Amino acid sequence: MGGYRDAGCNDCTYADLLLACCIKPECTHRQYYPTFGDDAYISMRYARHLREGRGLVWNVGEKPIEGYTNFLWVVWIAVLMLFIEDPSFLMIASGAALHALSVAFLYLFLRKAFRCHLGVAALAACLLAVWEPIRIQVLNGLEAPMLLFLFIVAVYFLFGDSTNKLHIFMGSFLAGLLPLVRPDGLIFLIIVLAGLASHRLFQATKAFKETLKRWKWVLLCFVMPTVLLTLFRISYFGEWLPNTYYLKVYNRPGHIEYGIAYVQRFLNSFYATPLIVPLVVYGLFEKRRYIGAMALGIIGNLAYVAYQGGDAWDWWRFMIPILPMILITLASLSERCKVSKPLYATALAIWVMIAFSGVRPVWTAIQQGSIFPKPISQTADNIRLGLLLSRVCQPDTYTADFWAGAAPFYSRLPSIDMLGKSDWHIARLPAYRSGAPPGHDKFDFEYVLSRRPDVIISNHPLKVTPEDLQGIKQSNYPFGAILLENKLFQENYIPVDSIISYRWHGIFARRDSDKCAWWRLPVEELALLGKTCLAFPEGWYGLEQSDQVWWRWTDGRGRIKVIISEDTGVLLSGGVFSIRYPNRVDILLNNERVETLSLDQSTGDFRPFDLSLPLRAGINVIEFVSHNPAITIPTDSRPLAIAVRNLRLQTEGGQTCELQP
């Protein structure tokens with residue numbers, strides 16, 4: 001998680017986010033947004049529609065699609081939205097609070113259940129507190145902290161006090177909620193239930209029927225939430241399973257091989273991997289059967305992740321409960337080792353070793369100043385993209401996107417998820433090849449185009465060379481290049497000339513759609529992009545560039561818009577080139593001529609210039625006007641007159657705007 005601030009901050013630090021600073025006191029349209037992964041924004045979109053009373057839907061008015069896999073977290077986000085429109089920071093705060101409570105309850109459990117030495121319990125709590133995967137999930141606004149909290153607190157109530165019946169009911173209820181947080185919560189529910197089956201209160205009555213009758217309410221606490229969620233899913237969505245199951249497991253040859261490779265990468269990176277086999281063996285012989293259930297649960301969790309195909313990114317979100325299960329089992333083993341001083345010394349040495357291995361990366365990150373990740377630039381641009389579309393497009397504008405998370409959330413527009421997480425049809429297609437990344441291997445552009453979206457967001461900037469396209473088609477993510485080569489797409493959609501299209505993802509508009517006021521896009525982009533001070537609204541051909549050099553041609557008159565927050569003088573520098581010499585180029589500022597450049601002879605290069613301009617607060621228009629009319633040349637069919645190159649602005653205070661054309 002990092003942060004994005006609209007209207008002026010491309011490089012916010014985490015401290016900036018916490019302090020909510022503003023570059024200039026006169027700024028009135030600045031707002032801070034954390035940058036999450038797209039999955040968080042998908043949950044937020046569903047939650048917003050739920051809070052607004054429109055149901056758990058991706059697009060309002062369409063058939064419900066269960067494109068999320070974290071029902072209880074979506075409901076929680078909807079609750080947060082009752083207090084604030086954008087709950088991003090509250091999601092982080094609540095995730096951090098749940099993580100802190102998990103750490104505290106783990107410490108209390110180890111002290112109560114095993115009477116662990118204070119140092120051992122503190123080490124275990126510290127390892128859970130600093131583990132990078134859970135920190136990433138907290139800062140990404142995802143549901144893993146809630147899953148971890150329910151699991152550890154359920155274990156605390158069920159096995160920390162073996163005589164308190166109220167604790168048994170409370171623990172059973174919390175464990176029953178686990179599958180509502182995420183489908184793999186069922187694995188941890190089974191682990192807890194298997195441990196509870198050997199509880200001495202259950203064994204007090206020998207007759208099975210009498211035991212079942214006595215503890216029926218406890219069992220109902222375990223099973224009823226899952227049963228109710230399943231019945232709701234069938235009645236509301238018309239499916240037994242979430243849409244993401246069909247996307248990531250169904251009709252995906254090679255998903256198990258991909259999942260096994262994912263698990264192997266996790267085991268290679270996890271510092272406690274060497275302990276797994278010894279702890280599982282110990283758990284099989286441990287009299288406290290819930291320890292055996294936890295030890296086997298480690299294997300069960302890894303097997304489940306391998307079967308369902310792993311994840312596209314190595315953030316290990318599906319592995320979160322593995323560490324507490326290892327810590328609890330190791331603490332139990334340490335307690336057993338007290339009978340022998342050499343064994344106990346060995347157990348303590350293992351604790352010190354894994355503590356060193358687990359804490360050292362965090363200490364290194366603190367020293368390097370990277371304990372909090374920087375803003376995710378891709379998400380920042382997706383947020384900008386969504387805000388831009390919300391400002392220039394009508395509310396019923398239909399969009400289609402590959403990164404169908406932040407952009408649809410902030411645009412509030414109906415959207416087609418072209419990779420199928422929130423689309424029934426695409427999720428059930430066969431994967432384009434075996435073993436591709438889950439969630440990124442199904443697409444159908446004929447289907448998408450048949451729905452005639454008004455705006456399509458490609459997966460690449462507008463200017464992609466043929467060589468780059470061929471390379472992209474051979475990668476794990478070929479869909480963006482395949483879309484650009486689609487004949488129906490080429491016939492019906494035209495590129496939208498904009499800053500964000502050139503530096504991030506290309507915006508394409510349907511030729512016969514008038515839903516978006518694209519003429520307003522430059523002004524809105526400059527307001528959002530902050531450091532970018534320049535836009536080419538009209539009169540220019542597309543961007544051309546070579547390495548760090550860029551240029552644009554015009555047929556004789558090209559306008560540039562500059563937005564600035566206060567009256568100031570600036571130095572405009574760059575180069576001008578004429579297709580035919582001699583020539584004269586007038587430079588106008590807000591319809592008044594301020595300079596005429598004489599281009600007497602061609603040197604085969606751009607003529608450099610530096611020009612002082614008095615800009616006023618707000619929008620300023622700079623025009624380049626050629627005295628010579630445009631002509632065509634054998635190598636270019638466009639009417640050409642003049643071109644400008646690498647324009648840049650420098651204020652009187654010496655601040656240089658990095659101009660992005």
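Start with the whole chain: its secondary structure comes to 28 helices and 19 strands (DSSP runs, H or I of at least four residues for helices, E of at least two for strands, numbered from the N terminus). You're looking at a predicted model, where local features need pLDDT of at least 70, side-chain atom pairs count only at pLDDT 80 or more, and totals for chains, interfaces and linings use all residues. Residues are numbered from 1 along each chain as its sequence is written, and side-chain values use heavy atoms, with hydrogens and water left out.

Still on the full view, 55% of the 661 residues are buried (under 20% relative accessible area; exposed is over 50%, partly exposed in between, using a 1.4 Å probe and protein chains only). Of the contacts (heavy atoms within 4.5 Å) with a separation of 6 or more, 71% are between residues 24 or more positions apart.

**Stop 1: two helix pairs**

Select helix H5 (residues 118-130) and helix H19 (residues 341-368): they pack at an angle of about 25°, with axes 10 Å apart. That makes H5 roughly parallel to H19 (angles under 35 degrees; over 145 is roughly antiparallel, 65 to 115 roughly perpendicular and the rest oblique). Axes here are lines fitted to C-alpha atoms, for helices over the stretch in contact, and angles run from 0 to 180 degrees between N-to-C directions. The H5 and H19 crossing is left-handed (the near helix is turned anticlockwise from the far one by less than a right angle; clockwise would be right-handed). Show side chains too: the residues that meet include Leu123 and Leu127 in H5, and Trp351 and Ile354 in H19.

Now pick helix H10 (residues 185-197) and helix H13 (residues 216-237), whose axes come within 12 Å and cross at roughly 165°. These two are therefore roughly antiparallel, and H10 passes H13 in a left-handed crossing. Where they touch, Leu189, Val192, Leu193 and Leu196 in H10 meet Val218, Leu219, Phe222 and Thr226 in H13.

**Stop 2: rings**

Next, colour the aromatics. The whole structure has 40 aromatic pairs (rings of Phe, Tyr and Trp, the last by its six-membered ring, with centres within 6.5 Å; planes under 30 degrees apart are stacked, over 60 edge-to-face and the rest tilted). Zoom in on Phe270 and Tyr271: their ring centres are 5.3 Å apart and the planes sit at 55°, so this pair is tilted. Phe270 is buried, at 5% relative accessible area. For a bigger group, select Tyr46, Trp58, Tyr68, Phe71, Phe232, Tyr236 and Phe237, which ring pairs link into a cluster.

Then look for charges over rings (NZ of Lys or CZ of Arg within 6 Å of the ring centre and within 35 degrees of the ring normal). The charged end of Arg428 sits over Tyr246, 3.9 Å from the ring centre, and that of Arg638 sits over Tyr541, 4.8 Å from the centre.

**Stop 3: a long reach**

Click Ala380 in helix H20 (residues 377-392). Its C-alpha atom is 8.4 Å from that of Tyr33, though they are 347 residues apart along the chain.

**Stop 4: backbone oddities**

Most residues other than glycine have a negative phi, and most peptide bonds are trans. Arg412 has a positive phi of about 65°; find this residue in the loop between helix H21 (406-411) and strand E4 (415-417). Asn590 also has a positive phi, near 50°. Finish at the cis peptide bond joining Tyr581 and Pro582, with omega about -10°; Pro582 is in the loop between strand E11 (568-578) and strand E12 (583-589).
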